[in-house]
Amino acid sequence: MIDLSRSALILVDIQNDFLPGGALAVPEGDCILDAVNMLATRPFRAVIATQDWHPENHCSFTAQSGPWPPHCVAGTHGADFPETLTPAPVTHIIRKGVLQDRDSYSGFLDNDRATSTGLDGLLRGLGVEQVVICGLALDYCVAATALDACHYGYCTYVVPEACRGIAADPGSALEKLEKQGVLLKSVDAY
């Protein structure tokens, strides 16, 4: 049983640039919003949103020989949360990918695996023991966040219907997460 009073809901990168019409849209990314908003109304100890927050010349952008088009540039509409995401339940925001020379898929660590975003310290300070993760994209930032949560010792859940990935079939990403100790639960479990 999940004790929500000792749990945090982590909303991963639910931002305009990752939704249909955005610079790096996740296919059907907007289809998760009802499930996410429903989860956020549950009595979690905290609801934490991660937010890509890149400088204009970020290393992940194609102009700097990175793999992605420019997206989620700090302070732009693309980096904002969509109006269809109910903001009231969000208690904290963790910005990631803020340094020009490194990316950050995980909500916990930059991709150099050494630079912390501060999420682990926040969760420990709040007395959180379990995390429930949803958002975009399942096969990149959601997966990286979930695997790091397990690494840091949190009982980690992912809600498949509140996630979408770049790959059309989520099966491979979900199987990988389960093999690493991540538990999969539906929205109704909360």
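**View 1. Contacts around Ile133 in the predicted model**. Ile133 touches Ile10 and Val12. Further contacts of Ile133 are Val142, Thr145, Ala146 and Ala149. Ile133 also meets Thr156, Tyr157, Val158, Val159 and Cys163. Residues up to four places away in sequence are not counted here.

**View 2. The largest nonpolar core**. This core has 59 residues. Ile133 is among those with the most contacts inside it, together with Leu9, Leu11, Leu123 and Tyr190. Elements giving two or more residues to the core include the strands E1, E2, E4 and E5. Helices H1, H2 (119–125), H3 (138–151) and H4 (171–179) also give two or more residues. The largest share, six residues, comes from H3. In soluble globular proteins, nonpolar side chains tend to be buried together.

**View 3. Helix H1 and its surroundings**. H1 spans residues 33–40. Six of its eight residues are buried, so the helix is largely enclosed by the rest of the structure. The buried residues are Leu33, Ala35, Val36, Asn37, Leu39 and Ala40. They pack against four strands: E1 (7–12), E2 (46–52), E4 (130–136) and E5 (155–164).

**View 4. The six-stranded open sheet**. The strand order is E3-E2-E1-E4-E5-E6, and the pairing is parallel. Strands E3 (92–96) and E6 (183–184) stand at the edges. Each has a single partner strand, so one side of each is left without a neighbour in the sheet. Strands of a sheet pair through backbone hydrogen bonds, either parallel or antiparallel.

**View 5. Pairing of E2 with E3**. These two strands pair in the parallel sense. Five bridges join E2 and E3. In one of the residue pairs, Asp52 has Lys96 of E3 as its bridge partner.

**View 6. Helix H3 on the sheet**. H3 lies across four strands: E1, E3, E4 and E5. The helix runs at about 170° to E4.

**View 7. Helix H3 beside helix H4**. The axes of H3 and H4 come within 11 Å. They cross at roughly 10°. That crossing makes H3 roughly parallel to H4, because angles under 35 degrees count as such. On the H3 side, the meeting residues are Leu138, Asp139, Ala143, Ala146 and Leu147. On the H4 side, they are Ala173, Leu174, Lys176 and Leu177.

**View 8. A cis peptide bond between Leu136 and Ala137**. The bond joining these two residues is cis, with omega about -20°. Ala137 sits in the loop between E4 and H3.

**View 9. Positive phi at Glu28 and Ser65**. Phi of Glu28 is near 60°, a positive value in a residue other than glycine. Glu28 lies in the loop between E1 and H1. Phi of Ser65 is near 70°, also positive in a residue other than glycine. Ser65 lies in the loop between E2 and E3. Ser65 counts as exposed, because its relative accessibility is 72% and the cut-off is over 50%.

**View 10. The span annotated in UniProt**. An unreviewed UniProt entry lists residues 7–169 as "domain: Isochorismatase-like". The end C-alpha atoms of this span lie 29 Å apart. The span is 18% helix and 21% strand.

Note on methods:
Residues are numbered from 1 along each chain as its sequence is written. This is a predicted model: local features need pLDDT of at least 70, side-chain atom pairs count only at pLDDT 80 or more; totals for chains, interfaces and linings use all residues. Side-chain values use heavy atoms; hydrogens and water are left out. Buried means under 20% relative accessible area, exposed over 50%, partly exposed in between (1.4 Å probe, protein chains only). Contact means heavy atoms within 4.5 Å. A nonpolar core is a set of buried Ala, Val, Leu, Ile, Met, Phe, Trp, Tyr and Cys residues joined through side-chain atoms within 4.5 Å. UniProt positions are given in the numbering used here, feature names are shortened, and annotations may be inferred rather than shown by experiment. Two strands pair if DSSP finds at least two bridges between them. Axes are lines fitted to C-alpha atoms, for helices over the stretch in contact, and angles run from 0 to 180 degrees between N-to-C directions. Angles under 35 degrees count as roughly parallel, over 145 as roughly antiparallel, 65 to 115 as roughly perpendicular and the rest as oblique.
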